[in-house]
Amino acid sequence: QPPSAQMLPVIDVSPFRAALDTLRAATQCGSSTAAQPGRLPEDARRTARQWREAFAKYGFCQVVGHGVPDDVIETAYGAARRFFSQPQEEKRKCDLGKGYGVGGFTAQGGERVNATSSQQPDGQVLGAEVARPPDRVESMLVHRTDDDVIPGSVEGYKEAVHNYHDEMAQLLKVIMALTACSLDLPFDHFEPYYGNGRGGTARGELSLRLAYYPALDGDKPPPGQLRYGEHTDYTGFTILWQDHNTDGPQTAAEGLKPPHGGLQVLMPDGTWLDCPPSPKAFTVNAGDLIQVWTNDEFLSNVHRVVNPPPGDTHDRISLVYF
């Protein structure tokens with residue numbers, strides 16, 4: 001079906017970030033009620049209401065006012081582009097030969113997130129009917145540990161991706177606190193349950209996936225192949241920096257020209273929504289774990305990365321933290 005004419009909600013989380021800093025300070029000073037969402041100022045409570053509404057309906061939103069510095073984003077994006085611009089033989093030096101998930105480089109052909117096309121008439125058990133081609137994507141996985149694969153051919157790579165990973169860990173703490181407050185829970189409700197009980201600070205538990213979607217260059221994809229097939233994420237929140245701009249800085253405040261062939265999200269009416277990025281915005285979605293943790297208040301929604309139109313010559317890079 002054709003994409004819907006809707007837009008994902010764009011939520012400014014800066015009022016909540018400011019209020020959260022105050023709540024944390026009061027909690028550290030021994031206030032027994034400081035963690036309660038009722039202590040939030042009205043603009044922060046409004047942000048929490050918007051958050052709950054977005055994830056109840058769509059399972060997705062775009063986040064601005066996140067506090068991640070532009071230079072951290074630009075530097076990480078630049079490191080990813082320099083890595084993927086190398087010849088295949090150079091990139092394969094970072095392949096551990098253990099498949100996707102362990103870390104390092106995975107060449108095109110190594111990922112197939114939706115391996116089958118299946119139907120379930122009358123509630124029958126799903127069965128594989130048509131094997132789908134591998135997704136048209138390469139990736140490089142960063143766990144933020146001493147065991148990360150670091151390409152020596154890309155100057156500044158380690159510092160760039162580790163700094164970005166650290167910023168995402170801080171943003172995740174805001175997102176988890178916002179989720180708790182949106183459900184009328186204390187802001188630190190979820191902290192014992194992730195990051196080794198420290199609220200998202202444990203290295204190695206959270207991953208940064210640098211994803212590269214090559215240009216078609218006149219090729220016609222085989223039947224059923226997408227850049228990344230339809231799926232839900234199975235973990236917590238995913239924080240995505242889409243490829244914002246083919247003609248200027250990634251973090252430009254206006255005049256964005258994102259490449260074609262990007263994220264689509266399944267809408268409640270069954271249509272697919274194109275989700276081009278708003279200026280300076282991260283795209284955030286809830287995974288299966290969040291749907292469970294919120295007792296189905298938040299939706300883990302189906303999404304995909306589609307192919308660009310015929311004749312398009314742009315590749316695409318995404319920074320995916322989960």
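What follows is a short dialogue on reading salt bridges, burial and helix packing in a predicted model.

Colleague: Start with the overall picture. How many helices and strands are in the chain?

Modeller: Keep in mind that this is a predicted model. The chain has six helices and 14 strands. It counts 322 residues, and 50% of them are buried. About 14,800 Å² is exposed, with carbon and sulfur atoms supplying 50% of that area.

Colleague: What share of the contacts with a separation of 6 or more joins residues 24 or more positions apart?

Modeller: That share is 76%.

Colleague: Now salt bridges. What should I look for?

Modeller: Look for a side-chain nitrogen of Lys or Arg within 4 Å of a carboxyl oxygen of Asp or Glu. This structure holds 11 such salt bridges.

Colleague: Take Glu90. Which residue is its salt-bridge partner?

Modeller: Lys93 is the partner, and the closest N and O atoms are 3.1 Å apart. Check the accessibility too. Glu90 is partly exposed at 24% relative accessible area. Lys93 is exposed, at 61%.

Colleague: Why does Lys93 count as exposed, while Glu90 counts as partly exposed?

Modeller: The cut-offs decide. Exposed means over 50% relative accessible area, and buried means under 20%. Lys93 has 61%, so it is exposed. Glu90 has 24%, so it falls in between.

Colleague: Next, Arg49. How far apart are the closest N and O atoms in its salt bridge with Glu42?

Modeller: They are 2.8 Å apart. Arg49 is partly exposed, with a relative accessible area of 41%. Glu42 is also partly exposed, at 35%.

Colleague: Which residues make up the network of salt bridges around Glu42 and Arg49?

Modeller: The linked residues are Glu42, Arg45 and Arg49.

Colleague: And Arg52? What does its salt bridge with Glu297 tie together?

Modeller: First the distance: the closest N and O atoms of Arg52 and Glu297 are 3.2 Å apart. Arg52 lies in helix H2, residues 42–57. Glu297 sits in the loop between helix H6 (288–293) and strand E13 (303–305). The pair therefore ties together parts that are 245 residues apart in sequence. Arg52 is partly exposed, at 28% relative accessible area. Glu297 is partly exposed as well, at 36%.

Colleague: On to helices. How do I describe two that pack together?

Modeller: Give the angle between the axes and the distance between the axes. Here, helix H1 (residues 14–28) packs against H2 at an angle of about 120°, and the axes are 8 Å apart.

Colleague: Why are H1 and H2 called oblique to each other?

Modeller: Roughly perpendicular covers 65 to 115 degrees, and roughly antiparallel starts over 145. The angle of about 120° lies outside both ranges, so H1 and H2 are oblique.

Colleague: Is the crossing of H1 and H2 left-handed or right-handed?

Modeller: It is left-handed.

Colleague: Which residues meet where H1 and H2 pack?

Modeller: From H1 come Pro15, Phe16 and Ala19. From H2 come Asp43, Ala44 and Thr47.

Colleague: One more residue, Val174. Is it buried or exposed?

Modeller: Val174 has 14% relative accessibility, so it counts as buried. Val174 lies in helix H5, residues 157–182.

Colleague: Which residues does Val174 touch, leaving out those up to four places away in sequence?

Modeller: Val174 touches Phe16, Arg17 and Leu20. Phe16 also appeared among the H1 residues that meet H2.

Colleague: How far is the C-alpha atom of Val174 from that of Asp188?

Modeller: The two C-alpha atoms are separated by 10.0 Å, and the residues are 14 apart along the chain.

Terms used: Residues are numbered from 1 along each chain as its sequence is written. This is a predicted model: local features need pLDDT of at least 70, side-chain atom pairs count only at pLDDT 80 or more; totals for chains, interfaces and linings use all residues. Side-chain values use heavy atoms; hydrogens and water are left out. Buried means under 20% relative accessible area, exposed over 50%, partly exposed in between (1.4 Å probe, protein chains only). Helices (H or I, at least four residues) and strands (E, at least two) are DSSP runs, numbered from the N terminus. Contact means heavy atoms within 4.5 Å. Accessible areas come from the Shrake-Rupley method with a 1.4 Å probe; for residues, only the protein chains shown count as cover. Axes are lines fitted to C-alpha atoms, for helices over the stretch in contact, and angles run from 0 to 180 degrees between N-to-C directions. Angles under 35 degrees count as roughly parallel, over 145 as roughly antiparallel, 65 to 115 as roughly perpendicular and the rest as oblique. A crossing is left-handed if the near helix is turned anticlockwise from the far one by less than a right angle, and right-handed if clockwise.
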